[in-house]
Amino acid sequence: MTKAVEISTRKREVNKAMKGRLLLADDEAIIRKSLQRLLEAEGHEVVTVENGLDALQALREGKFDVLITDINMPGLDGERLMQEVHRLHTDTEVIVITGYGTVDSAVTAIRDGALDYIVKPIEDERIKISIQRSLENRELRSENETLKKTLNFRTNYKNIIGRDPGMRKIFDIIDAVADTRANVLITGESGTGKTMLARAIHFNSNRHQKPFVEVNCGALPENLLESELFGHTKGSFTGAVKDKIGKFQQAHLGSIFLDEISTATPSLQVKLLRVLQDRVLEKVGSNETIEVDVRVILATNTELSAEVKKGNFREDLFYRINVVAIEIPPLRDRSNDIPNLAEFFLEYYNRENGKSLNGIHEDAMARLLAHNWPGNVRELENAIERAVVLTRHDQILPDDLPNVVVEPTTDEIPELDQNDVLPLKQALEGPEKRIIERALKLNKWNRQKTAQMLDVNRTTLFNKMKKYGLLAD
Ligand SMILES: Nc1ncnc2c1ncn2[C@@H]1O[C@H](COP(=O)(O)OP(=O)(O)O)[C@@H](O)[C@H]1O
Ligand SMILES: [Mg+2]
């Protein structure tokens, strides 16, 4: 957050005399010439065209900050041109210039999104100021977008809840590696916050003003995924009607987030290895080597090392991507974060829905603590959102929670996999930890009361707390 603010003040000072790339469309040669001379003297780069179609062509081929267009031109007139511009290049500002006869259409143009209109004869100062304003406007708009992204709670590091020691360790790792280019592999069950952490890494890195590109590798069939990631050349396969830039290239100087990486096929794994190792790629159907500077963040909800052992995932690629490994524990193993998360979501969905619920009733909280959250934080977030929307009370009561959360579950003890038969003592540790944790929470971490509730003596309780790492709180 502070980063973004600092940057915006720095920029504003520079704004005093911003220079831009301008496109000027007018059918009168004299106007083109005189404006071009005036604006170039101001330090702008000016391209002139004499009709709407040429303007459109120029806009398709290059990037312009501001389009200055006459209304009455042969062929495509200024009004139609403007509509096209807004369809094509949403970030090019438009200034309309017009003779007295067409002031009405200038007003229409403003309504359609032009920033300003200037009546001929054009005064030098008038157009200079108008262009300055357009450039500042444009800058502000893109700044706002960056800010918006940074402020969004899903990307803002400060808004990631985690007092659990396991989570705090993760934050330390992120702090340490954010500004490096090290590949990061995030492992965790669905809904534990992998996507959120990937964004946090990017937006807290020195690349935060460059693109962050997300690709879900599990969502596309192999051939499409390849061209999605690396791009393709026109005609390289049926349906490749024009050249396409891949996500890696789009993410140049920024970060790419490859979700569900375990689904990558062997041939894709080879290509990934190449880009991770040599920082170069070739588009599908091309021999040209393209260099990219991209920070790669990956996520998987299956244990990738197990896939390596099974022969489904290349070992060399695994070592490449496993440089920094972050394992997000499932929510049931960090239930001390449940109250904070629940309050956080309550506040967020209060705001979203214009509600003002003032808390979560302790019976409801006890339910939240007792549930084992197979859908992890996402499931908790959904439960709170639903409760905020549906409740008729000024607090969240057990009634407002989904049935699965409220009803005592019989599957508290996880079903054992056939391959997964642990020694009994070890198998019971997980449930024992959870029962102790929950009882501690219900008794607000009062050990005497907790020991009574569990019917063990205080020393036993203390020893077990120590064993399960529950003493931190
Ligand atoms: N520690 C956390 N603090 C705040 N919100 C969280 C936290 N962990 C997850 N969330 C939220 O829970 C939802 C699911 O997280 P997400 O990153 O999409 O999970 P995953 O990618 O692992 O499936 C998102 O809305 C995310 O913002
Ligand atoms: Mg995700």
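In which helix does Asn-376 lie? Asn-376 belongs to helix H16, which spans residues 376-390, and this report on a predicted model begins with the whole chain before it returns to that helix and its surroundings.

**The chain as a whole**

The protein chain holds 21 helices and 14 strands, and 45% of its 473 residues are buried. Among the contacts in the chain with a separation of 6 or more, 69% are made by residues that stand 24 or more positions apart. The accessible surface of the chain amounts to about 25000 Å², and 49% of this surface belongs to carbon and sulfur atoms.

**The parallel sheet**

Strands of a sheet pair through backbone hydrogen bonds, in either a parallel or an antiparallel manner. In this model, five strands form an open sheet with parallel pairing, and their order across the sheet is E7-E10-E13-E6-E14. The edges are formed by strand E7 (212-216) and strand E14 (324-327), each of which pairs on one side only. From one strand to the next, the twist averages 15 degrees. Strand E6 (residues 184-187) runs parallel to E14, and the two are joined by four bridges; within this pairing, Ile-186 has Ile-326 of E14 as its bridge partner.

**Helix H16 and the second largest pocket**

With a relative accessible area of 0%, Asn-376 counts as buried, because a residue is called buried when this value is under 20%. If residues up to four places away in sequence are left aside, Asn-376 touches Glu-189, Ser-190, Gly-191, Thr-192, Pro-330 and Leu-331.

Gly-191 also appears in the description of the second largest pocket, where it is listed among the lining residues closest to the centre, together with Gly-193, Lys-194, Met-196 and Arg-378. This pocket has a volume of about 530 Å³, and 28 residues line it. Helix H8 (194-203), helix H14 (338-353) and H16 are the elements that each give two or more residues to the lining, and the largest share, five residues, comes from H16.

**Loops and backbone details**

Several residues in loops deserve a careful look, and three of them are set side by side here by place and by relative accessible area.

| Residue | Loop between | Relative accessible area | Class |
|---|---|---|---|
| Gly-43 | helix H2 (29-41) and strand E2 (45-49) | 38% | partly exposed |
| Trp-373 | helix H15 (362-370) and H16 | 0% | buried |
| Asp-455 | helix H20 (447-454) and helix H21 (458-467) | 70% | exposed |

Trp-373 is not a glycine, although its phi is positive, at about 50 degrees. Asp-455 likewise has a positive phi, near 60 degrees, in a residue other than glycine. The surroundings of these two residues can be read from their accessible areas: Trp-373 is buried at 0%, whereas Asp-455 is exposed at 70%.

For Gly-43, the value of 38% means that the residue is partly exposed, because that class lies between the limits of 20% and 50%. The C-alpha atom of Gly-43 is separated by 9.1 Å from that of Ala-17, and the two residues are 26 residues apart along the chain.

Where does Pro-121 have its place? Pro-121 is found in the loop between strand E5 (116-119) and helix H6 (124-151), and the peptide bond that leads from Lys-120 to Pro-121 is cis, with omega near 0 degrees.

Note on methods: Residues numbered from 1 in each chain as written. Chains lettered and ligands numbered in written order. Predicted model: local features only at pLDDT ≥ 70, side-chain atom pairs only at ≥ 80, totals over all residues. Heavy atoms only, no water. Buried < 20%, exposed > 50% of the residue type's maximum accessible area, 1.4 Å probe, protein only. Contact = heavy atoms within 4.5 Å. Areas by Shrake-Rupley, 256 points an atom, 1.4 Å probe, with all protein chains shown as cover. Pairing = 2+ DSSP bridges. Axes fitted to C-alpha atoms, helices over the stretch in contact; angles between N-to-C directions. 1 Å grid on protein atoms, 1.4 Å probe; cavity = no way out; pocket = protein on both sides within 12 Å on 5 of 7 lines; lining within 4 Å. Points joined across faces, edges and corners; volume = space filled by probe spheres on them.
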